[in-house]
Amino acid sequence: MASRRSARLAALISNNGSITDPAPPPPPPVASRKRKAATQASATVEESGRKVPSTPRRRRTAKQDAGEPPTPTPNPVSLIAEEAHSRKPRPAAITRLADPSRTNALLRSPKTSRIISSTPVDAVPSKLREMIKPTAGTTTTTTTANILEEACAHLIKVDPRMKPLIDKHHCRIFSPEGLAEQIDPFESLCSSIISQQVSGAAAKSIKARFIALFNSKDNSNTIFPRPDQVAATPLETLRTAGLSQRKAEYVKGLAEKFASGELTAQMLADAPYEEILEKLTAVRGLGKWSVEMFACFALKRMDVFSTGDLGVQRGMAAFVGRDVAKLKAKGGKWKYISEKEMEEISERFRPFRSVFMWYMWRVEETDISTLE
């Protein structure tokens, strides 16, 4: 016994001759108060012979479709027509010639700030003149003062169910006041790129920081930069405004096309819609939907229609009497209404399909029963 005790003492003696205490055993895990109380209550209930109730699991809510905008499309794309110096008094409406098949907006040259409008039809080259169709069924001169009235009358004539929508909602975009707004096409297209895949509030914040890069802090007037200024700015500097690497490349590439003259305000004012669609979709960062929204909201072209907009799909489905709530659970891109059916329905509303499309965004804000 003495030898065993001596061996244990020798094992406890350290190198410097002191005796070290053996490591204490690890303490038992301390249960939280909630878990301890629940365990005690469970044990008490089990001893009494009663069944222990279990806490129901939280039901998972289905995530909203990532491709579906949370609000009608006109709200997110309003940034396209919102200018940096929109705080200035808006110009008074001036009556001028208008045509649903052409650009009706007053465009401001990104280079010179000169105001540009569509060239009169008589001055348009013969090849382009053949592509410009006059307003169907009109006997009076179409101007910015009456074109919206003509459009609404045409929509109601084609389908009387449009009347409750038109009576409830005023389409300001194509009103005399809306057509008097001066639009910088370069700023509008930059805004379209900035607003992609971000919320409206985030897009406004990024745009404000982007503009601040080219304006001194002492300058109270926020002026959107010219294309040549943006084209000469390094990507690293553009990114400090909150742009991703890809968006910075897109904005810089767009600026280079305006700076070189490949894109101009005059071209956007005079060219047929097909040419505008072709040239702008060739620009990196501008897809078909972006160009369609730009043509409608910025250029104020009244015969644009987008089958790829989910808000339009949903509105048209409700307009023709579909149960949108049930269709929402259906998968696929065309879950509300097919592209072919959308085209067939909208074709009847030419040459005012932009106005028809705007009212389809408003369908869900109107009592559908009044359309019957």
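## Exercises on a predicted model

Ser113 sits in the loop that links β1 and β2. The model you are looking at is predicted, and the exercises below start from this loop.

**Exercise 1. Work out what is notable about the backbone at Ser113 and Gln197, and decide whether each residue is buried, partly exposed or exposed.**

Step 1. Begin with the background: most residues other than glycine have a negative phi.

Step 2. Now check the angles. Ser113 is not a glycine, yet its phi is positive, about 65 degrees. Gln197, also not a glycine, has a positive phi of about 65 degrees.

Step 3. Place Gln197 on the chain: this residue lies in the loop between α7 (185-194) and α8 (200-212).

Step 4. Apply the cut-offs, with exposed meaning over 50% and buried under 20%. Ser113, at 48% relative accessibility, is therefore partly exposed. Gln197 reaches 82% and so counts as exposed.

**Exercise 2. Find the cis peptide bond and say where its proline lies.**

Step 1. Recall that most peptide bonds are trans.

Step 2. Look at Arg350 and Pro351: the bond joining them is cis, with omega about 0 degrees.

Step 3. Follow the chain around Pro351, and you will see that the residue belongs to the loop between α17 (339-347) and α18.

**Exercise 3. Describe the open sheet: what is its strand order, and which strands stand at the edges?**

Step 1. Take stock of the elements: the protein chain has 18 helices and three strands.

Step 2. Trace the sheet. Its three strands follow the order β2-β1-β3, and the pairing is mixed. Because β2 (115-116) and β3 (182-183) each have a single partner strand, they are the edge strands, and one side of each has no neighbour in the sheet.

Step 3. Zoom in on one pair. Strand β1 (residues 106-108) runs parallel to β3, joined to it by two bridges. Here Leu107 lies opposite Ile183 of β3.

**Exercise 4. Characterise the packing of α15 against α18.**

Step 1. Two packed helices are described by the angle between their axes and the distance between the axes.

Step 2. Read off both values: the axes of α15 (residues 310-319) and α18 come within 8 Å and cross at roughly 80 degrees. The two helices are therefore roughly perpendicular.

Step 3. List who takes part. From α15 come Gly311, Val312, Gly315, Met316 and Phe319, and from α18 come Phe356, Met357, Met360 and Trp361.

Step 4. Sort these residues by type: seven are nonpolar, two are polar and none is charged.

**Exercise 5. Show how Thr73 connects to a distant part of the chain.**

Step 1. Locate Thr73 in the loop between α2 (33-47) and β1.

Step 2. Thr73 has a relative accessible area of 3%, so this residue is buried.

Step 3. Compare sequence and space: Thr73 and Gly311 are 238 residues apart in sequence, while their C-alpha atoms are 6.1 Å apart.

Step 4. Beyond the neighbours within four places in sequence, Thr73 contacts Trp289, Met293, Asp309, Gly311 and Trp361.

**Exercise 6. Which residues touch the most other members of the largest nonpolar core, and which helix gives this core its largest share?**

Step 1. Among the 86 residues of the core, the residues to pick out are Met162, Leu254 and Tyr359.

Step 2. Helix α18 (residues 353-361) supplies the largest share, seven residues.

Step 3. Take Leu254 as an example. Apart from residues up to four places away in sequence, Leu254 touches Phe186, Leu189, Cys190, Ile193, Leu263, Val283 and Leu286.

Technical notes. Residues numbered from 1 in each chain as written. Predicted model: local features only at pLDDT ≥ 70, side-chain atom pairs only at ≥ 80, totals over all residues. Heavy atoms only, no water. Core = buried A, V, L, I, M, F, W, Y, C linked by side-chain atoms within 4.5 Å. Buried < 20%, exposed > 50% of the residue type's maximum accessible area, 1.4 Å probe, protein only. Helix = DSSP H or I, 4+ residues; strand = E, 2+ residues; numbered from the N terminus. Contact = heavy atoms within 4.5 Å. Pairing = 2+ DSSP bridges. Axes fitted to C-alpha atoms, helices over the stretch in contact; angles between N-to-C directions. Parallel < 35°, antiparallel > 145°, perpendicular 65-115°, else oblique. Nonpolar A, V, L, I, M, F, W, Y, C, P; charged D, E, K, R; others polar.
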